[in-house]
Amino acid sequence: TAYEIKECDWSSDGVLFRSRVEITDAIRAKVKALAAAGKTGGEIAVAIGISLPSVHNVKKALGLVKARG
């Protein structure tokens with residue numbers, strides 16, 4: 001399962017932590033729809049609010065990534 005990592009800067013106490021958001025079926029469906037509409041991975045990441053690697057992982061799991069070679 002793919003996870004999104006987001007950085008949060010808590011300037012008040014100087015702590016930097018990362019939270020993980022589970023990639024849900026709804027997010028997978030949005031990635032699939034946006035990919036079918038011809039959007040790039042970067043455009044999809046911005047539109048949904050997940051990282052580009054997460055978009056790639058979802059597309060790979062859905063069989064939407066072309067094999068290298």
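**Salt bridge and helix packing in the predicted model**

The structure holds one salt bridge. This result, like those that follow, refers to a predicted model. The bridge joins the side chains of R28 and D25, with a nitrogen-to-oxygen distance of 2.9 Å. Both residues belong to helix α1, which spans residues 25–36, and their spacing of three residues places R28 and D25 about one helical turn apart. The two partners are also described by their accessibility. D25 is exposed, with a relative accessibility of 61%, whereas R28 is partly exposed, at 24%. The value for D25 lies above the 50% over which a residue counts as exposed, while that for R28 falls between the 20% and 50% limits and is therefore classed as partly exposed.

The secondary structure of the chain comprises three helices and two strands. In sequence order these elements follow the pattern β-β-α-α-α. The chain has 69 residues, of which 22% count as buried. Its exposed surface amounts to about 5,100 Å², and carbon and sulfur atoms supply 53% of this area. Among contacts in the chain with a separation of 6 or more, 31% are accounted for by residues 24 or more positions apart.

Helix α1 also takes part in a helix–helix contact. Helix α3 (residues 52–61) packs with α1 at an angle of about 85 degrees, and the two axes are 10 Å apart. Because this angle falls in the range of 65 to 115 degrees, α1 and α3 count as roughly perpendicular to each other. On the α1 side the contact is made by R28, V31 and A35, and on the α3 side by V55, V58 and K59. By residue class, the contact of α1 with α3 consists of four nonpolar and two charged residues, with no polar ones. R28 thus appears both in the salt bridge with D25 and in the contact of α1 with α3.

A35, in helix α1, is partly exposed at 22% relative accessibility. When residues up to four places away in sequence are set aside, A35 touches I44, K59 and L64. One of these partners, K59, lies 24 residues from A35 along the chain, and the C-alpha atoms of the two residues are separated by 8.2 Å. A35 and K59 are also among the residues that make the contact between α1 and α3. A36, likewise found in helix α1, is exposed, with a relative accessibility of 70%. From A36 to L64 the C-alpha distance is 9.1 Å, for a sequence separation of 28 residues.

In helix α3, L52 has a relative accessibility of 48% and counts as partly exposed. This value falls under the 50% limit and therefore does not qualify L52 as exposed. With residues up to four places away in sequence not counted, the residues touched by L52 are G41, G42 and A45. For G42, the C-alpha atom is separated from that of L52 by 5.9 Å, the two residues being ten apart along the chain.

Note on methods: Residues are numbered from 1 along each chain as its sequence is written. This is a predicted model: local features need pLDDT of at least 70, side-chain atom pairs count only at pLDDT 80 or more; totals for chains, interfaces and linings use all residues. Side-chain values use heavy atoms; hydrogens and water are left out. A salt bridge is a side-chain nitrogen of Lys or Arg within 4 Å of a carboxyl oxygen of Asp or Glu. Helices (H or I, at least four residues) and strands (E, at least two) are DSSP runs, numbered from the N terminus. Buried means under 20% relative accessible area, exposed over 50%, partly exposed in between (1.4 Å probe, protein chains only). Contact means heavy atoms within 4.5 Å. Accessible areas come from the Shrake-Rupley method with a 1.4 Å probe; for residues, only the protein chains shown count as cover. Axes are lines fitted to C-alpha atoms, for helices over the stretch in contact, and angles run from 0 to 180 degrees between N-to-C directions. Angles under 35 degrees count as roughly parallel, over 145 as roughly antiparallel, 65 to 115 as roughly perpendicular and the rest as oblique. Ala, Val, Leu, Ile, Met, Phe, Trp, Tyr, Cys and Pro count as nonpolar, Asp, Glu, Lys and Arg as charged, and the others, Gly among them, as polar.
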